[in-house]
Amino acid sequence: MGILSNDIQFHIKTSSTQIGKYVLLPGDPGRVPLIASKLTKAARVSQNREYNVYSGFLGSEKVSVCSTGIGGPSAAIAVEELIKCGAHTFIRVGTSGGMDLKVMGGDLVVAQAAIRGDGTSREYLTPDYPAVANYMVTKALVEEAEALSLDTDGNRFHVGVVQSKDSFYGEVEPETMPVGDFLEKRWDSYLKSGCLVSEMEAATIFSVALTRRVRAGAVLLALWNVERSKAGLPDTVTEDTERAVMCAVGAVKRLIAADKADKLI
């Protein structure tokens, strides 16, 4: 095994004693301390490349926070190595761009499944196999999102399918790409299918979790909705991830309680 044979994981630089069974996965390394502040006795355990890792506690249960960087390849590495450290439940806490007109900036989106527009998931699942979230994780996220939401613009929540992609600029500037016609037609098909938002990691995280038989879910903050802007409709714009973070942390609390009741931990 060579460089992969040590207890310290090659990329995230953590050992099994440092990581909890439940892990929150933001993309941005800078968001990790914010999320970790919701835990007790939280402290950084490693930082390497795009991976900033903290661990703390919710009650008596150790919970970790690990950034994944942008896109599928680095996210897959994080989840694989966290699993090797003993983690079994993952929640992506991310940002996204709204697609469906009912989504406004500030809304939360709980992903039931993700369109596999990434390349990494093809290394895990056959092309016709869906990237779906774990039911129990999704249920906990929905319950928490409902408790945190209001029926006002920018404060609602939605549940459904999201798009995961590899190229940010292929989404926002498709006309500049040699394959722009293809990208625009595909985007239109996703809109007609009711896709809620676009992001870059959920499909990969779900695919790795399905392959490794662990649990994963995702809650995404919609920063804005480009389709509402195109249609001349009002929209709210935000970069405040606090409600998404609280939703993910609350969902972990619910899962810990349920797992203890079922004697899974």
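Analyst: A nonpolar patch joins Val, Leu, Ile, Met, Phe, Trp or Tyr side chains within 5 Å, from residues with over 30% relative accessible area (Shrake-Rupley, 1.4 Å probe, only the protein chains shown as cover) and no salt bridge (Lys or Arg side-chain nitrogen within 4 Å of an Asp or Glu carboxyl oxygen). This is a predicted model, where local features need pLDDT of at least 70 and side-chain atom pairs 80 or more, while totals for chains, interfaces and linings use all residues. Numbering runs from 1 along each chain as written, and side-chain values use heavy atoms, without hydrogens and water.

User: What is the area of the nonpolar surface patch with Phe10?

Analyst: Phe10 sits in the segment before β1, a strand (DSSP E run of at least two residues, numbered from the N terminus). Phe10 counts as partly exposed (20% to 50%) because its relative accessible area is 32%. Together with Ile3 and Leu4, Phe10 makes a patch of about 280 Å².

User: Is Ser96 buried or exposed?

Analyst: Ser96 belongs to strand β5, residues 89-98. Beyond four places in sequence, its contacts (heavy atoms within 4.5 Å) include Val197, Leu220 and Trp224. With a relative accessibility of 3%, under the 20% limit, Ser96 counts as buried.

User: Which element gives the most to the largest nonpolar core?

Analyst: This core (buried Ala, Val, Leu, Ile, Met, Phe, Trp, Tyr and Cys joined through side-chain atoms within 4.5 Å) has 35 residues, with Cys66 and Phe206 among those with the most contacts inside. Elements supplying at least two residues each include β3 (51-58) and α2 (72-84), the latter a helix (H or I, at least four residues). With six residues, the top contributor is α6.

Notes. Buried < 20%, exposed > 50% of the residue type's maximum accessible area, 1.4 Å probe, protein only. Patch = residues over 30% accessible without salt bridge, like charges linked within 9 Å, V, L, I, M, F, W, Y side chains within 5 Å.
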